[in-house]
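Colleague: Got a minute for this one? I'd like to go through the ligand site first, then the empty space inside.

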Amino acid sequence: MDSRRLAYLDALGVTAYLRRSQAGTRGSEQAGDPLGEPVEALGWEGLEAAVLSCERCGLSRTRTQAVFGTGNRQAQLMVVGEAPGAEEDRQGEPFVGRAGQLLNAMLRAVGLARGDVFIANVLKCRPPGNRDPRPEETAQCLPYLHRQVALVAPRVILCVGRIAAHNLLDTDLPLGRLRGDLHRLPSGVPVVVTYHPAYLLRSPEQKSRAWDDLRFAMRILRDGDGH
Ligand code: URA
C-alpha cells in the first residue's frame, strides 16, 4: 500500500485495513489532540478546542484562525466544502463570502435556513492564495471532519465541489461522474455530490444541475436511502 493511501486510511482511522506489520508503523503521535486523546474519542468541546489550536500542518502558520464549522450539531443535512477562503479565515466561519451567499440561497430554495444544517470543510485552515489543499494537509485534517460527521450523524451529506468529494469519498473520478449517484461513507452515511457554489458563480448555466442535486439530497433526507 503506498504511503499516500496509507496516510488517507490513517486519517480515517481505518487501521483495520492494514496488515499488522504496517499498522505497527502508524505514528501514535499523529492521532490526538493536545490533551492526548484521539480525535475519534473527542466530544464537541474537545474537538473544537483541538481544531482551533491545531498545528498538525504548515497552514497553522499562515492562517488568521482555524474555521471549525457552524450550524445545527444535530442537523439532518450536513454540507461539506473544501477549505476556508479569505473571508472565512477572517471571520472564523465557513461559507461567509460570495460562495456562502449562494450556498445560503441554495439551501433556502429547498426550505432550509443556514442554521438548520451543519457546515464544515475538509480543511479547517485557509491555504495561502486559496491554492488546492495538499495531500499531507488533508491527511492531517480529515480526522476532524470525520469526527464531526460522527457527532452530527446526519441523514445525508451534501458534498460541494471536486476537492471535497475526492477527499470525502477517496476517489479521483471527475465531478461530472460523481453527481447523480448516491455515495456512501464507510460508516454508511449517504453522500450526494454537487458543484461548488464558487463554480456556480462562474458558470451559472450549471445551476439547474445543482438544483437537481439538491432535490436528490432532499429526497434522501425525506424518504431515506432504501437501507
Ligand atoms: N469555499 C469552501 O469550500 N469553503 C468555505 O468555507 C468557503 C469557500
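Colleague: Which residues is the ligand surrounded by?
Modeller: Bear in mind that this is a predicted model. The ligand has Gly81, Glu82, Ala83, Glu88, Pro94, Phe95, Asn121 and His196 around it.

Colleague: What lies 3.0 Å from a nitrogen atom of the ligand?
Modeller: A backbone N or O atom of Ala83.

Colleague: And on the oxygen side, which side chain has an N or O atom 2.8 Å from the ligand?
Modeller: That is His196, and the ligand atom there is an oxygen. Phe95 also pairs with a ligand oxygen atom, through a backbone N or O atom at 2.9 Å.

Colleague: How much of the ligand's accessible area does the protein cover?
Modeller: On its own the ligand has 240 Å² of accessible area, and the protein covers 91% of that.

Colleague: Switching to pockets. How much space lies in the largest one?
Modeller: About 540 Å³. Its lining has 26 residues, and Glu82, His196, Ala198, Tyr199 and Arg202 are the closest to the centre. Glu82 and His196 are also among the residues that surround the ligand.

Colleague: Which elements give two or more residues to that lining?
Modeller: Four helices: H4 (86–91), H5 (98–109), H7 (162–169) and H9 (197–202).

Colleague: And how do the residues of the pocket lining divide?
Modeller: Twelve are nonpolar, seven polar and seven charged.

Colleague: Now the cavities. How many are there of 30 Å³ or more?
Modeller: Two. The largest cavity holds about 110 Å³ of space. It is lined by 15 residues, with Cys54, Cys57, Leu59, Cys125 and Cys141 closest to its centre.

Colleague: Which helix gives the most to the lining of the largest cavity?
Modeller: Helix H6, residues 135–152, with four residues.

Colleague: What about the domains that this lining draws on?
Modeller: Domain 1 (1–56) and domain 2 (67–223) each supply at least three residues.

Colleague: Last one. How many residues of each class are in the lining of the largest cavity?
Modeller: Eight nonpolar, two polar and five charged.

How values were computed: Residues are numbered from 1 along each chain as its sequence is written. This is a predicted model: local features need pLDDT of at least 70, side-chain atom pairs count only at pLDDT 80 or more; totals for chains, interfaces and linings use all residues. Side-chain values use heavy atoms; hydrogens and water are left out. On a 1 Å grid over the protein atoms alone, a cavity is a set of points where a 1.4 Å probe fits but cannot get out, and a pocket is an open set with protein on both sides within 12 Å along at least five of seven lines; lining residues have an atom within 4 Å of a point. Grid points are joined across faces, edges and corners, and a volume is the space filled by probe spheres set on the points. Ala, Val, Leu, Ile, Met, Phe, Trp, Tyr, Cys and Pro count as nonpolar, Asp, Glu, Lys and Arg as charged, and the others, Gly among them, as polar. Domain bounds come from an automatic or database domain assignment. A residue is near a molecule or strand if one of its heavy atoms lies within 4 Å of it. A polar contact is a pair of N or O atoms within 3.5 Å; within protein, one must be able to donate a hydrogen and the other to accept it, and residues adjacent in sequence count only if both atoms are side-chain atoms. Accessible areas come from the Shrake-Rupley method with a 1.4 Å probe; for residues, only the protein chains shown count as cover.
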